[in-house]
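This briefing is meant for someone meeting the structure for the first time. It moves from strand pairing to burial, and then to the helices.

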Amino acid sequence: MITIKKELCPKWRYDLKCPYTRTPSRIVVHNTANDAPALSEITYMVNNDYEVSYHFAVDEKEAVQGLPLDRNAWASGDGHGKGNMEGIHIEICWSKSGGERFLKAERSAAALIAQLLKQYGWGIDKVTKHQDYDGKYCPHRTLDLGWQRFLDLVKKEMEDEEMLSYEQWKEYQERYEKEQAAKQVSKWAQPAVAYCKEHGLMSGDKEGTFRPQSFVTRQELAQVTMNQHKSLKGE
Ligand SMILES: [Zn+2]
């Protein structure tokens with residue numbers, strides 16, 4: 001998951017930055033051709049007087065949103081074409097000098113895109129590049145490094161979103177067991193539990209608590225079996 005910080009363009013600037021409401025139909029990827037973090041890119045975009053705008057800037061730490069997604073942007077040089085009118089425009093930061101910082105920003109962008117694709121129910125085919133709309137060589141550094149490689153990063157993020165990591169699974173498992181352990185004896189089982197307690201049949205839990213709704217381990221079962229066996233033999 002990537003955190004999205006909202007630094008939205010004030011409404012009185014909509015005429016200049018995002019005059020049209022629309023329904024988005026695609027993602028458009030850019031490189032900033034600059035060396036600044038996401039927050040600076042968005043603040044600069046929102047406050048300058050150029051008819052230039054985009055929805056997100058992403059750096060190695062966060063995604064910053066500057067425009068609402070139901071409004072257009074002026075980013076892909078195609079006038080009132082599908083890029084500007086229907087694209088969700090994402091600028092990847094630190095692309096002027098590249099390096100580790102840029103590669104990390106690219107990974108953040110891939111995570112943001114995976115999130116948006118999921119949100120809109122879109123496939124990877126909805127991820128386009130600025131170049132597709134007016135021929136400009138943008139996202140330049142991402143293209144230099146390989147467009148397919150970037151799409152693969154997005155696909156990887158989509159898969160990771162769907163799968164639990166081992167750590168997450170373990171966390172859920174522990175949480176579930178704790179919840180179960182805190183539950184009281186069900187009404188229907190109360191006579192049986194009382195009987196077992198009375199005759200010492202279920203003793204041997206190392207926690208010393210009965211935890212009626214928790215799972216039984218094989219060693220606990222062995223203890224119970226021995227208790228029963230001994231009691232049958234009159235020991
Ligand atoms: Zn661009």
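In this predicted model, strand β2, covering residues 26-31, runs parallel to strand β5, covering residues 87-92, and six bridges join the two. These strands belong to an open sheet of six strands with mixed pairing, in which the order is β1-β4-β3-β5-β2-β6. The points below take the sheet first, then the burial of its strands, and then the helices.

**The sheet and its edges**

- The edges of the sheet are held by β1 (4-6) and β6 (127-129), and because each of these has a single partner strand, one side of each is left without a neighbour in the sheet.
- From one strand to the next, the twist of the sheet averages 30 degrees.
- As general background, the strands of a sheet pair through backbone hydrogen bonds, and the pairing may be either parallel or antiparallel.

**Partners across the strands**

- Where β2 and β5 run side by side, Ile27 stands opposite Ile88, Val29 stands opposite Ile90, and Asn31 has Ile92 as its bridge partner.
- β5 also pairs with strand β3, residues 56-58, in the parallel sense and over three bridges, and here the bridge partner of Ala57 is Glu91 of β5.
- β2 is likewise joined to β6, to which it runs parallel, by three bridges, with Val28 standing opposite Thr128 in β6.

**Burial of the strands**

- β5 is mostly covered, since six of its six residues are buried.
- Gly87, His89 and Glu91 point one way from β5, while Ile88, Ile90 and Ile92 point the other way, and all of these residues are buried.
- In β2, five of the six residues are buried, so this strand is largely enclosed by the rest of the structure.

**The packing of α4 and α7**

- Helix α4, which spans residues 100-120, packs with helix α7, which spans residues 147-162, at an angle of about 60 degrees, and their axes are 8 Å apart.
- That angle makes α4 oblique to α7, and α4 passes α7 in a right-handed crossing.
- On the α4 side, the residues that meet α7 are Glu106, Arg107, Ala110, Ala111, Ile113, Ala114, Leu117 and Lys118, and on the α7 side they meet Phe150, Leu153, Val154, Glu157, Met158 and Glu161.
- The residues of this contact between α4 and α7 divide into nine nonpolar, no polar and five charged.

**Glu106, a residue of the helix contact**

- Glu106, which lies in helix α4, is buried because 27 other C-beta atoms lie within 10 Å, where 20 or more are needed for a residue to count as buried.
- When its neighbours within four places in sequence are left aside, Glu106 is in contact with Ile92, Thr142, Phe150 and Leu153.
- Glu106 and Phe150 are 44 residues apart along the chain, and their C-alpha atoms are separated by 7.8 Å.

**A helix in the open**

- Helix α9 covers residues 190-198, and the number of its nine residues that are buried is zero, so this helix lies largely in the open.
- Just after α9 comes Gly200, which takes a positive phi of about 65 degrees.

Notes:
Residues numbered from 1 in each chain as written. Predicted model: local features only at pLDDT ≥ 70, side-chain atom pairs only at ≥ 80, totals over all residues. Pairing = 2+ DSSP bridges. Helix = DSSP H or I, 4+ residues; strand = E, 2+ residues; numbered from the N terminus. Axes fitted to C-alpha atoms, helices over the stretch in contact; angles between N-to-C directions. Parallel < 35°, antiparallel > 145°, perpendicular 65-115°, else oblique. Left-handed = near helix turned anticlockwise from the far one by under 90°. Contact = placed C-beta atoms within 7 Å. Nonpolar A, V, L, I, M, F, W, Y, C, P; charged D, E, K, R; others polar. Buried ≥ 20, exposed ≤ 12 C-beta atoms within 10 Å, placed from the backbone.
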